[in-house]
Amino acid sequence: MTTAPTVLSIALAETSEPVLRPLPAEVAALLAEVGAPPRLVAHLRAVHDVADRLVDWIGAHCPAAAVDREAVLFGAATHDIGKTLHPGELSGPGARHEEAGRELLLAHGVRPDLARFAGTHASWTAPGIGLADLLVSLADKVWKNKRVADLEDLVVAELSRAGGRPVWQEFLDLDEFLTGLGEDADLRLAWQAAHSVHG
């Protein structure tokens, strides 16, 4: 008889198919504290891993972009935490988890500049959205190989502005990188699906 995986094991244990970076220990502890469902933890870990790869690529490709790595990774690791309060949105549509997630993070002592990603990850055209917000949104799409042209165009514009390279060149380079990330999407989706929607 096997035991069901715990929040901490899903968040932190070594994986092989796919290989996923563990969530930050403080995020794993927070997810355990709020009773996050297993599938949500798996989703957050997959998006966090993709965000980590994305930030690494941007750091090497366009150092002038000056991405706040820790903010992006925290945002990716917690962006859907509000689905703990709205579990129906784990398997169906809905946006109630966005503001609920931001409020939940604030209630647990998370700084507003980090809690914001829970509320901004689906609003990449809203006023005041910066590159860090765009990268969390992009990771939340690309982990499953979903490509969103207007979101990618905003990232391309930010990279072009920061690095001074032509928009078309940034587009081609980002497209090539995202295509490569998408190759492991089926493994990430299967890994997430192997975890229960219910705690």
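Is arginine 69 buried, partly exposed or exposed? Arginine 69 counts as partly exposed, because its relative accessibility is 27%. The model is a predicted one, and this residue is a convenient place to enter it.

Arginine 69 and aspartate 52 are joined through their side chains by a salt bridge, with an N to O distance of 2.4 Å. The two partners come from distant parts of the chain: arginine 69 belongs to helix 4 and aspartate 52 to helix 3, with their positions 17 residues apart in the numbering. Aspartate 52 is buried, because its relative accessible area is 7%, under the 20% limit for that class. Arginine 69, at 27%, counts as partly exposed. The salt bridge therefore pairs a buried aspartate 52 with a partly exposed arginine 69.

In total, the structure holds 16 salt bridges. Another of them joins the side chains of glutamate 152 and arginine 147, at 2.6 Å from N to O. Glutamate 152 has a relative accessibility of 6% and so counts as buried. Arginine 147 has a relative accessible area of 30% and is therefore partly exposed. A further salt bridge links aspartate 173 to arginine 165, where the closest N and O atoms are 2.7 Å apart. Aspartate 173 is buried, because its relative accessible area is 17%. Arginine 165 is partly exposed, with a value of 27%. Elsewhere, salt bridges with shared partners connect Arg21, Asp49, Asp52, Arg53, Asp56 and Arg69 into one network.

The loop that follows helix 3 and leads to helix 4 (69–78) contains alanine 66. Alanine 66 has a positive phi of about 50°, although it is not a glycine. Most residues other than glycine have a negative phi. Alanine 66 counts as exposed, because its relative accessibility is 64%, over the 50% limit. A second residue with a positive phi is asparagine 145, at about 65°, and this residue is not a glycine either. Asparagine 145 is placed in the loop between helix 7 and helix 8 (149–163). With a relative accessible area of 39%, asparagine 145 is partly exposed.

Toward the start of the chain, the loop between helix 1 (7–12) and helix 2 (25–34) contains proline 18. The peptide bond that runs from glutamate 17 to proline 18 is cis, and its omega is near 5°. Most peptide bonds are trans. Proline 22 also has its place in the loop between helix 1 and helix 2. Proline 22 counts as partly exposed, because its relative accessibility is 41%. Proline 22 and leucine 12 are separated by 10 residues in sequence, but their C-alpha atoms are 4.6 Å apart in space.

The next feature is the largest pocket, which encloses about 400 Å³ of space. Of the 21 residues in its lining, the closest to the centre are His43, Asp80, Lys83, Asp140 and Lys144. Helix 3 (38–61), helix 5 (96–107) and helix 7 (131–142) each contribute at least two residues to the lining. By residue class, the lining of this pocket consists of nine charged, seven polar and five nonpolar residues.

Helix 9 covers residues 167–182, and tryptophan 168 is part of it. Tryptophan 168 counts as exposed, because its relative accessibility is 56%. Together with Phe171 and Leu172, Trp168 makes a nonpolar surface patch of about 340 Å². Glycine 182 also has its place in helix 9. Glycine 182 is buried, because its relative accessible area is 9%. Glycine 182 and glutamine 169 lie 13 residues apart in sequence, with their C-alpha atoms 20 Å apart in space.

Conventions: Residues numbered from 1 in each chain as written. Predicted model: local features only at pLDDT ≥ 70, side-chain atom pairs only at ≥ 80, totals over all residues. Heavy atoms only, no water. 1 Å grid on protein atoms, 1.4 Å probe; cavity = no way out; pocket = protein on both sides within 12 Å on 5 of 7 lines; lining within 4 Å. Points joined across faces, edges and corners; volume = space filled by probe spheres on them. Helix = DSSP H or I, 4+ residues; strand = E, 2+ residues; numbered from the N terminus. Nonpolar A, V, L, I, M, F, W, Y, C, P; charged D, E, K, R; others polar. Patch = residues over 30% accessible without salt bridge, like charges linked within 9 Å, V, L, I, M, F, W, Y side chains within 5 Å. Areas by Shrake-Rupley, 256 points an atom, 1.4 Å probe, with all protein chains shown as cover. Salt bridge = Lys/Arg side-chain N within 4 Å of Asp/Glu carboxyl O. Buried < 20%, exposed > 50% of the residue type's maximum accessible area, 1.4 Å probe, protein only.
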